Amino acid sequence: MASSSVPRVSKYDVFLSFRGEDTRKTIVSHLYAALDSKEIFTFKDDQRLEKGDHISDQLHIALKGSSFAVVVLSENYATSKWCLMELQLIMEFMKEGTLEVFHVFYVFYGVDPSTVRHQLKSLNVQTYHFSPEE
């Protein structure tokens, strides 16, 4: 990943962002196993979050300490406030450019990229109204 002359600043090679109910036992488990088999240190949050939970410091640190983010966009990704907060944080880190090495890859799982691009069906974020206490 990094050349030997550049000190490693990342705690994780990859940060996985995904909607657990859609992908945890399918593509995410396979992707995680494949990365692990290649000794790619990957952060995968296995906590099931309840209404009212916020992005934890651990998650924030894990994301900030990662070289890559892989966002698995699935049918119900946008229905999760948690997923949208993670995605917002990923985009903020990209925009700020505060990270030395940070790349984002998108995996479209069970959704057409044009559905995401045009925010159709369950990926229309305008249809979700999250209150601050959610």
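Analyst: Buried means under 20% relative accessible area, exposed means over 50%, and partly exposed is anything in between (1.4 Å probe, protein chains only). By that cut-off, 36% of the 134 residues of the protein count as buried. This is a predicted model, where local features need pLDDT of at least 70, side-chain atom pairs count only at pLDDT 80 or more, and totals for chains, interfaces and linings use all residues. Residues are numbered from 1 along each chain as its sequence is written, and side-chain values use heavy atoms, with hydrogens and water left out.

User: What is the average pLDDT of the protein?

Analyst: pLDDT is the predictor's confidence in each residue, from 0 to 100. The protein averages 77, and 69% of the residues score at least 70. Helix α2 (residues 27–37) has the highest mean of the elements, 96, while helix α5 (residues 113–117) has the lowest, 74.

User: Where does pLDDT stay under 50?

Analyst: Over residues 1–8, and again over residues 128–134. Contact means heavy atoms within 4.5 Å; the model has 4 contacts beyond four places in sequence for residues 1–8 and 18 for residues 128–134. Where pLDDT is low, the predicted coordinates should not be read in detail.

User: What makes something a helix or a strand here, and how many of each are there?

Analyst: Both are DSSP runs, numbered from the N terminus: H or I over at least four residues for a helix, E over at least two for a strand. The protein comes to 5 helices and 4 strands, running β-α-α-β-α-β-α-β-α from the N terminus on.

User: How do you know which strands pair, and what is their order in the sheet?

Analyst: Two strands pair if DSSP finds at least two bridges between them. The order is β2-β1-β3-β4 in an open sheet, with parallel pairing. β2 (42–44) and β4 (103–108) each have a single partner strand, so they are the edges, with one side left without a neighbour in the sheet. From one strand to the next, the twist averages 25°.

User: How many bridges join β1 to β2 and to β3?

Analyst: β1 (residues 12–17) and β2 have 3 bridges, and β1 and β3 have 5. Set against the minimum of two, both count as pairs. In the first pair, F15 stands opposite F43 and L16 opposite K44. In β3, L16 has V70 as its bridge partner.

User: Why is β1 called largely enclosed?

Analyst: Because 6 of its 6 residues are buried.

User: How do you know that the buried residues of α3 are on the same side?

Analyst: Those residues are L59, A62 and L63. They cover an arc of only 95° around the axis, so they sit on the same side of α3; the arc is that of the directions from the helix axis to the C-beta atoms. What covers them includes β1, β2, β3 and α4. On the face turned away from them are the exposed residues D57 and I61.

User: What makes a nonpolar core, and how many residues does the largest have?

Analyst: A nonpolar core is a set of buried Ala, Val, Leu, Ile, Met, Phe, Trp, Tyr and Cys residues joined through side-chain atoms within 4.5 Å. The largest has 18 residues, and F15, F43, L63, V71, I90, F102 and V104 have the most contacts inside it. β1, α3, β3 and α4 (81–96) each give two or more residues to this core, and α4 has the largest share, 6 residues. A second, separate core has 8 residues, including L16, F18, L35 and F68.

User: Which residues does F102 touch beyond its sequence neighbours?

Analyst: Leaving aside neighbours within four places in sequence, F102 is in contact with L63, S66, S67, F68, A69, I90, F93 and M94.

User: Why is L31 called partly exposed?

Analyst: L31 has a relative accessible area of 24%. That value is neither under 20% nor over 50%, so L31 falls in between. L31 belongs to helix α2. Apart from neighbours within four places in sequence, L31 is in contact with L16 and V70. L31 and V70 are 39 residues apart in sequence and 9.9 Å apart in space, C-alpha to C-alpha.

User: What share of contacts in the protein comes from residues 24 or more positions apart?

Analyst: Among contacts with a separation of 6 or more, such residues account for 77%.

How values were computed: Axes are lines fitted to C-alpha atoms, for helices over the stretch in contact, and angles run from 0 to 180 degrees between N-to-C directions.
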